[in-house]
Amino acid sequence: MNILDQAASVLRQEAQAIEQLIETLDSSFVNAVNMILESKGRVICTGMGKSGHIATKIAATLASTGTPAFFLHPAEGVHGDLGMVTDNDVVLAFSNSGETGEIISILPSLRRIGAKLICVVGNADSTLAKNADIVLLAKVEREACPLNLAPTTSTTVALALGDALAICLLEQQHFTPENFAIFHPGGSLGRKLLLTVENIMHGGADNPVVHKGSTVRDALFVMTDKGLGATNVVNESGKLIGLVTDGDVRRGLDSGSNFLEWPVEDMMTKMPRTITQEKLAAEAMHMMEKNQPRPITVLPVVDQEGQCLGIVHITDLLRRGIV
């Protein structure tokens, strides 16, 4: 068997195992979801070896999707880390055989503490399964390993079942993208979901503004001072009526006339595209990139009445990771 055929065989076996797992889902899975939802504590994921790696990943997925969770190494558990477990917690234990020594050794303590126990096992008759409150069976016919030894298909199935558990909990708790962003403030998704136009706009004294009746020269001075390559134009009541950019000024140079003395209204773009301050910064980026007939680099910020509040420059968005 060549390399590609062998790779395809592994993927096929693991995919088939997950398909078969779907057919075995029953009320035990529903009970596991409800047990975690009703718990006043955390989900403590545990496992040894390859199953431990799966447990670590599931703990991270649960924690990032609204279900407080952490990983407990069972070998460390027997040396004092069981002190992390309370009677309000639910222990989610992964073991294909259900006979992993380190996990079996902590069962008496878990029962003494009073924590609930859900196990993900490949053997319903195992010691772990017999001592669990809920058994989630993740049985596979054989491993993808040709020797049927290295945990491959079994860990894939356990991982998929753990992911299904996490996502069902997410749905039941009405977890939102904004919630997700709170737990991922350092990631690009967090920046896109938490950062609003108000957070990055140039407002107040930094807002480049000229009033109706000003000259292009006045606008050029403001643009130079603020360094944003544009200035808002407002009427007597402070409402936005236009925008002048450095591109407009460059085009004025081609006119061959004394354009610097023109009224700013003769050069400005009337009623330019705008955005309100509560909108997401990601939306501002989208508006700039998708503007027709060509992308734009600045976007005036107004309130619901059209009062000019500030301006957003594309470099501010890029600097904050809104891409």
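Contact here means heavy atoms within 4.5 Å. Noting up front that I'm working from a predicted model.

**Entry: I118**

I started with I118 and set aside its neighbours within four places in sequence. What is I118 in contact with after that? I get A32, M35 and I36, then the run V90, V91, L92 and A93, and finally I134 and L136.

**Entry: the cores**

Next I looked up the largest nonpolar core, which has 30 residues. Which residues have the most contacts inside this core? They turn out to be L92 and I118, and L92 was already on my contact list for I118.

I then checked which elements give two or more residues to this core. On the helix side I have helix 1 (3-24), helix 2 (27-38), helix 3 (50-64) and helix 7 (153-172). The strands are strand 1 (43-47), strand 3 (90-95), strand 4 (116-121) and strand 5 (134-137). Helix 7 provides the largest share, six residues.

There's a second, separate core of 17 residues, and V91, L117, V121 and A129 are among them. I had V91 down as a contact of I118 too.

**Entry: the open sheet**

Further along the chain I found four strands in an open sheet, order 6-13-12-11, with mixed pairing. Which are the edge strands? I have strand 6 (202-203) and strand 11 (275-276), each pairing on one side only.

In the middle, I followed strand 12 (residues 298-302) against strand 13 (residues 308-313): antiparallel, over five bridges. V301 stands opposite G310 there.

Last look: helix 13 (residues 281-290) lies across strands 11, 12 and 13. I noted its direction as about 130 degrees to strand 12.

Terms used:
Residues are numbered from 1 along each chain as its sequence is written. This is a predicted model: local features need pLDDT of at least 70, side-chain atom pairs count only at pLDDT 80 or more; totals for chains, interfaces and linings use all residues. Side-chain values use heavy atoms; hydrogens and water are left out. Two strands pair if DSSP finds at least two bridges between them. Axes are lines fitted to C-alpha atoms, for helices over the stretch in contact, and angles run from 0 to 180 degrees between N-to-C directions. A nonpolar core is a set of buried Ala, Val, Leu, Ile, Met, Phe, Trp, Tyr and Cys residues joined through side-chain atoms within 4.5 Å. Buried means under 20% relative accessible area, exposed over 50%, partly exposed in between (1.4 Å probe, protein chains only).
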